[in-house]
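Welcome, and take a moment to look at the model shown below. This report walks you through a few of its features in plain words.

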Amino acid sequence: MAKKRPQTKAKRPQSTGGAGAAGADGHVPVVGAREPCPCGSGRRYKACHGRAAAHAVTELVQRPFEGLPGECDWIALRELVPAATVELTLKEGLPEGVPSVTLATVLPMAWPALRRDDGSVLLGLQNDTASGDISRDLADTLQRALVAEPGTPVQGRRAPADAPRLQDLLDPEGAFEPVVHTGFEFWVPDAENATAEVAASLERANAAAIPTVKLQGVDAAYWCETPDKNHLRWVMPHAEEQLLDALARLHAAGQSALGEGTRLVGSFRAHGLTVPVWDLPSSVGAEDIEKPAAEFAERLATALTSDAPLTPDERRARGGLTNRQVTLS
């Protein structure tokens with residue numbers, strides 16, 4: 001997966017209402033960083049009103065996918081899943097000449113987006129973002145892809161601070177149903193007849209992809225296979241402190257495992273949510289973990305309702321879980 005830059009929150013820069021070239025509404029136009037500020041202060045733009053523009057992209061958006069259908073799956077596809085696609089539904093419907101819009105974990109050459117020859121759009125999710133709001137950057141890339149010439153990729157850029165976000169463009173009632181792939185054949189319409197160069201690129205990408213399966217019985221849980229052991233990584237929508245308390249209660253009671261030989265080993269933090277991780281024996285496949293995961297979901301739901309103070313054993317269990325957290329974003 002692509003290396004991530006720190007994510008920051010983008011806010012529209014606000015003028016302090018200077019004189020000179022500032023408009024009647026106090027807005028100061030953006031110019032080059034080393035040019036004189038249009039407000040007439042005599043200072044360079046970067047040392048005057050440009051400071052507000054720079055600060056506008058330095059505050060973290062903790063949950064960039066909040067409010068979207070399938071927030072937990074958005075996070076999983078951004079951080080955990082090598083090869084997957086999702087058909088997206090736009091609020092305003094598909095523009096003329098665009099038969100479909102598909103979210104993809106990764107695109108060839110790490111392109112942010114691609115307008116295919118048939119006019120369809122592929123939007124890449126696992127890319128660096130230029131501002132602090134992944135949702136805004138993705139929405140900007142999507143809008144540019146919708147009007148790009150067929151057969152061309154769309155390059156990344158820093159989205160304008162007042163640009164719409166995914167939450168503004170996507171249908172809030174639209175389904176978000178990831179399809180996990182064994183490889184990246186979805187890059188090309190006819191992989192079997194691809195050129196030798198494309199076939200070699202696909203082979204390299206496929207060789208690097210960790211086998212991954214989305215569980216069907218619970219939401220946003222993904223089994224994956226690695227050389228030494230398998231894992232289950234489960235993006236959960238609950239508030240972190242509440243979830244850690246509930247996991248600690250189950251762990252202290254010996255109820256946090258998913259069957260013999262499995263172990264809750266810690267969690268990731270990603271885009272404002274927590275992702276518990278279990279180690280699984282190599283012999284345990286995705287289908288073997290479906291029932292244990294559903295049973296664990298029931299135990300967790302009960303534990304989440306408790307507001308009793310943690311016992312000493314539960315506090316120790318919580319401390320262990322907290323010490324084994326890794327922040328992905």
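Cys72 counts as buried because its relative accessibility is 12%, where buried means under 20% relative accessible area, exposed means over 50% and partly exposed lies in between, with a 1.4 Å probe and protein chains only. Cys224 is buried too, with a relative accessible area of 1%. If a disulfide is taken as a pair of cysteine sulfur atoms within 2.5 Å, the count comes to zero.

Bear in mind that this is a predicted model, in which local features need pLDDT of at least 70 and side-chain atom pairs count only at pLDDT 80 or more, while totals for chains, interfaces and linings use all residues. Residues are numbered from 1 along each chain as its sequence is written, and side-chain values use heavy atoms, leaving out hydrogens and water.

Now for the sheets. Helices (H or I, at least four residues) and strands (E, at least two) are DSSP runs numbered from the N terminus, and two strands pair if DSSP finds at least two bridges between them. One open sheet has six strands in the order E5-E3-E4-E2-E1-E6, with mixed pairing. Strand E5 (152-154) and strand E6 (179-180) each have a single partner strand, so one side of each is left without a neighbour in the sheet.

Another open sheet of six strands, also with mixed pairing, follows the order E7-E8-E9-E11-E10-E12. Its edge strands are E7 (212-214) and E12 (325-327), each pairing on one side only. From one strand to the next, the twist averages 25 degrees.

Here are two of the strand pairs:

| Strand | Partner | Bridges and direction |
|---|---|---|
| E1 (residues 84-87) | E2 (residues 101-104) | three bridges, antiparallel |
| E9 (residues 230-234) | E11 (residues 273-280) | four bridges, antiparallel |

Within these pairs, Glu87 has Thr102 in E2 as its bridge partner, and His231 stands opposite Asp279 in E11.

Helices lie across both sheets. Helix H3 (residues 134-146) crosses E2, E3, E4 and E5 at about 160 degrees to E4, with axes fitted to C-alpha atoms, for helices over the stretch in contact, and angles from 0 to 180 degrees between N-to-C directions. Helix H6 (residues 240-252) lies across E10, E11 and E12, at about 25 degrees to E11.

Finally, where is Pro95? Pro95 lies in the loop between E1 and E2, and counts as partly exposed at 31% relative accessibility. Leaving aside neighbours within four places in sequence, Pro95 is in contact with Leu90 and Leu146, contact meaning heavy atoms within 4.5 Å.
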